Amino acid sequence: MRTLRALAAAAPGAALFGVPQTALAHSFGKLYTLPVPVWLYLYGAAAALLVSFLVIGYFVGTPQAAHRNFATRPLPRAFEWLAAPAAVRVLQLLSLALLLLSIATGLWGTRNPYANFNMTFFWIVFVLAYTYTVALLGDSYRVLNPWQQLAQGASSVSRQFAVGRYDYPQRFSYLPALALYMAFIWIELFGNVRPLSLSVLLLGYAGLTLTGCWLWGQAAWFRYGDFFSVFFRITGMMSVIERRDGRFQLRQPFIGLLRERCEDFSLLLFVMFMLSSTAYDGMHNTVPWVRVFWQDLKPLFEPIVGTDIVRSFPVLKQMYFVYQSLALILSPLLYLSIYVAMIAAAKAITRSPRSLRELCLDFGYTLVPIALVYNVTHYYTLIAQQGVLVIKLISDPFGFGWNLFGTAGWLSKPPMLDVGTIWHTQVALILVGHIVSVYLAHIVALRVFVTPRQALLSQLPLLVMMVAYTTLGLWILSLPLQAGVMVPK
Amino acid sequence: MNARMLLFFAAGLLLLALLFVWLRPDNASAPTALPAGAPAARPDASGALDVGAGSTDTAVPQSADPAPAPTAAADAGAPTEQVYTLSIRGGQVEGPALIRVPRGTPLVLRITSDVADELHLHGYDLTLDLPAGQTAELRFNADIAGRFEYELHRAHAEIGALEVLPAP
């Protein structure tokens, strides 16, 4: 402790200017949520456990209840104009225009991230708010994807961009999308992205998209390579609206996750990363997590870097960065190992002849609601606090002092939600996600296992898993957060 | 929604409500709140890794600033003004990395920096000019609950966070 204290006094420069801004909870926008109080966390965990049994109880005796919920009902024809080619074209152009505007404002606009349109629009409106829209209303990204429009533009120049040069190597499956998704989250958390670098990234992604399409064709790239497409496709399965028989149809929320089956192990890993990346984001800036490195792991490095903290600090700082990055990349394995262990237990209990791999894939999508609520609980305050400012920024996207739509002066004080309200919403949302996942898992079990009794038995390990995920999610929300730049003292 | 589902829905809600009432502490909104007016202690949890205060005593706030705080002595019911001192020297911050107060506390941040900079407190969206070598004061009421980071604009460094707990 003494040596650590000495650092602060003896390492000028290190404290303030040398440390990368790893303390950020999100690449852009400040979360102002306080850790959830312990009693509320305990309540959430206990409630999750209790309600799980209630959900299971619902099915006991009436397994056919599971099949009642697939019905859809068409929306009034008045909504059909949305699917008209002209309307779709207009929305596509709007989507492309917003991408181009985001690139332009970063290249030529203000360097202040809060005054530049592209940061708020991309990180909050697109990455967060649009995701929740997709979860509610369906995967509109399939038609609106601006990068896909670029690829289509390119394919009118050369057919190569449409059909590709080579056949997509099927053994890669969704690994390219998973790798890009990991890279994206890494950049989000550690990239210290600014308006200019965001534009460069968006341009780079356009280049990557075109390369992918040129190599393997658009169909393969937007299915296996473009992580946004994969992410929104999975997210859209939860929506209450689907397109079927040429009509918009209303359906029970989340039920779309049961229409399709997680088709490959790499896609299962993708789902695991949807869970673990948000959990990691919540975790990596908390006091216990930071302590693991600076208190528990640091002594292990001392034989190599020496005990003189002043001299070893630059090296330790690098190691800390590696520690954080590795933890992010490996985080899905934690979720996966719990998952596989519990599926294996379910297989053992039910003596199911299905292979473990098949069973893992069968239940894969039932975790998506938990991933969604993790995401919403962590970030939804950013939409209220920062996302709404896009109304103001659109009038002055470059930060040049324009007022194109007369909205530049709006929202000088964005609304701030009460902390108590936030806590209760967070816990309630996590509970809802948990209930939905348990519910879906039971329906899958009724399909996969032969008898209702087997299905019921299989739920015990799955319940343990879901309660574990939910409690983990709540626990992370309740941890104290590290303050200030991370320097030991 | 069929009758059976409705029944389970109602049972679930009732169960959740009962559990909530049972677990909720009397003082539910502020389970960790400090008594108003008491000096905010540095939480033990973060003590070990707080940003580099040279010694602990600089980090603990002076509860009521003795001299320039006439409001402090006004009456026992009024929350006492709390003063926190931060100094920045050679790229080094001295002072608390985490300030934790109950909502409604009148706060004073007293900051000295050896280079000219600007302090920005997020959420409250307050800025304070820091002329080189002089002491500047930011005086405000902590009336929005939440966690708000404060940063130095020019150094691009987050130097700490203000946690305002919902008042009891």
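Two strands count as paired here if DSSP finds at least two bridges between them. Strands themselves are DSSP runs of E, at least two residues long, and they are numbered from the N terminus.

This is a predicted model, where local features need pLDDT of at least 70. Residues are numbered from 1 along each chain as its sequence is written, and chains are lettered from A in the order in which they are written.

**View 1. Strands 8 and 9 of chain B run antiparallel.** Take residues 146-152 for strand 8 and residues 157-165 for strand 9; seven bridges join the two. To find one spot on the ladder, look for Gly146(B), whose bridge partner in strand 9 is Val164(B).

**View 2. Zoom out and there's an open sheet of five strands in chain B.** Read across, the order is 3-9-8-5-6, and the pairing is mixed. Strand 3 (98-102) and strand 6 (126-130) sit at the edges, each pairing on one side only. From one strand to the next, the twist averages 15 degrees (axes are lines fitted to C-alpha atoms, and angles run from 0 to 180 degrees between N-to-C directions).

**View 3. Chain B also has an open sheet of four strands.** Here the order goes 2-1-4-7, again with mixed pairing. The edges belong to strand 2 (92-94) and strand 7 (135-142), each with pairing on one side only. Neighbouring strands are turned by 20 degrees against each other on average, direction ignored.

**View 4. Strands 1 and 4 of chain B pair in the parallel sense.** Seven bridges link strand 1 (residues 82-89) with strand 4 (residues 105-113). Look for Ser87(B): across from this residue, in strand 4, stands Thr112(B).

Methods. Predicted model: local features only at pLDDT ≥ 70, side-chain atom pairs only at ≥ 80, totals over all residues. Heavy atoms only, no water.
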